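Student: I am new to this structure and would like a close look at a single part of it. Please go through that part slowly and connect it to what surrounds it.

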Amino acid sequence: MRLPLFLCLTALALTACAQAEEADRDAASPGRDDATSAIGSPPPPQAEDEPAEEASDAAEDNADPSGEGDGPFSSSYTALDLENCRILAQSRGEGSWIKLRCQGLDGIPLFVSEGDGRYDIDAGVENAGFATISAFNDVGDRVEWRKRDGAPFAIIFRYTDVALETPDRTVLAVEKIGRSGKPGCRVAQIAGNTPRANQRARQIADTKAADFDCSQEPEYVGNAR
């Protein structure tokens, strides 16, 4: 039995249209192999964000430069081991405290005082004040000595806040080195999370410490009290 002519023509037209649409789809989309590869492959791993400034400061703390610097300023570093310091005085009763004399640099000693779970460090000679951060704290095992033309004039050291309320907080302290008859004092305290905190501490030391008036309040940068 023959189909009517118009039905044959209609069938041929529909087949041609379907083939054209399929060709257009193939041209507009990637091949099946490429699509399967893109879907089946996991995305490349993403690097975790890291606070660049804190990482940089940590690297500087672990470095041990030769002491050479730009211009007249430079740094030297000494270890601070409280177990090897000499006890000058102490009280073991209620409100116990201790005063230590520790080896420093070029014959300049460090005087470390501890009381009520807090530390103070003087350089050169002891002063009458007790400069520290308000929270219970510990001090780092390394001291940076800032020098001008090879002569030390300030130290920089790090506090670690050990209070449970403020975990992971650190504070850099800049201390003016004292001389006989002219004690030093705290020049500045810089929060450890300050951008380029180490460089900021050095800048303050280099520009303020030598002529700092110890009757004035220290400079505080960030959460550094």
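Is Cys-85 buried or exposed, and what is its relative accessible area?

Tutor: The model is a predicted one. In it, Cys-85 has a relative accessible area of 12%. Residues count as buried under 20%, so Cys-85 is buried.

Cys-85 has a bonded partner. Its sulfur atom is 2.0 Å from that of Cys-102, and the two residues form a disulfide. A disulfide is a covalent bond between the sulfur atoms of two cysteines. The angle about the S-S bond is 115°, and the link of Cys-85 and Cys-102 is right-handed. Cys-85 sits in the loop between β1 (73-79) and β2, while Cys-102 belongs to strand β3, so the bond ties together parts that are 17 residues apart in sequence. Cys-102 is buried too, with a relative accessible area of 5%.

The strand that holds Cys-102 is part of a sheet. This sheet is open and has four strands in the order β2-β3-β4-β5, with antiparallel pairing. Its edge strands are β2 (86-91) and β5, each of which pairs on one side only. From one strand to the next, the twist averages 20°.

Start at the β2 side of the sheet. Strands β2 and β3 are joined by five bridges in the antiparallel sense. Gln-90 has Ile-98 of β3 as its bridge partner, and Ser-91 is matched in β3 with Trp-97. Five residues lie between the two strands in their hairpin, where Gly-95 takes a positive phi near 70°.

At the other end of the order, β4 (residues 108-115) and β5 pair in the antiparallel sense over six bridges. One of the matched pairs is Phe-111 with Asp-122 of β5. These strands also form a hairpin, with two residues between them, and Asp-116 in the turn has a positive phi of about 55°.

Although β5 is an edge strand, six of the six residues of β5 (residues 118-123) are buried, so the strand is largely enclosed by the rest of the structure. Arg-118, Asp-120 and Asp-122 point one way from β5, and Tyr-119, Ile-121 and Ala-123 point the other way; all are buried.

Ile-121 leads on to the interior. In soluble globular proteins, nonpolar side chains tend to be buried together. Here the largest nonpolar core has 22 residues, and Ile-121 is among those with the most contacts inside it, along with Leu-80, Leu-110, Trp-145, Ile-155, Phe-157 and Tyr-159. Two or more residues of this core come from each of β3 (97-105), β4, β5, β7, β8 (151-161) and β9 (170-176). A second, separate core has 17 residues, including Val-187, Ile-190, Ala-205 and Ala-209.

Leu-110 brings us back to the disulfide. Beyond its neighbours up to four places away in sequence, Leu-110 touches a set of residues that includes Cys-102 itself, as well as Leu-80, Ile-121, Asp-122, Trp-145 and Ile-155.

Strand β7 (residues 142-148), one of the contributors to the core, also holds a charged residue, Glu-144. Glu-144 has 7% relative accessibility and counts as buried. Its side chain makes a polar contact of 2.6 Å with the side chain of Arg-202, and another of 3.4 Å with the side chain of Tyr-77. Leaving aside neighbours within four places in sequence, Glu-144 is also in contact with Ser-75, Ser-76, Ala-154, Ile-155 and Ile-156.

Cys-85 can finally be set beside the other bonded cysteines. A search of the whole structure finds two disulfides, and the other one joins Cys-185 to Cys-214, with an S to S distance of 2.0 Å. The link of Cys-185 and Cys-214 is left-handed, with -80° about the S-S bond. Cys-185 lies in the loop between β9 and β10 (186-191), and Cys-214 in the loop between α4 (197-209) and β11 (219-221), so this bond ties together parts that are 29 residues apart in sequence. Cys-185 counts as buried at 10% relative accessibility, whereas Cys-214, at 34%, counts as partly exposed. With bonded cysteines counted along the chain, the disulfides follow the pattern 1-2, 3-4.

Note on methods
Residues are numbered from 1 along each chain as its sequence is written. This is a predicted model: local features need pLDDT of at least 70, side-chain atom pairs count only at pLDDT 80 or more; totals for chains, interfaces and linings use all residues. Side-chain values use heavy atoms; hydrogens and water are left out. Buried means under 20% relative accessible area, exposed over 50%, partly exposed in between (1.4 Å probe, protein chains only). A polar contact is a pair of N or O atoms within 3.5 Å; within protein, one must be able to donate a hydrogen and the other to accept it, and residues adjacent in sequence count only if both atoms are side-chain atoms. Contact means heavy atoms within 4.5 Å. Two strands pair if DSSP finds at least two bridges between them. A nonpolar core is a set of buried Ala, Val, Leu, Ile, Met, Phe, Trp, Tyr and Cys residues joined through side-chain atoms within 4.5 Å. Axes are lines fitted to C-alpha atoms, for helices over the stretch in contact, and angles run from 0 to 180 degrees between N-to-C directions. A disulfide is a pair of cysteine sulfur atoms within 2.5 Å.
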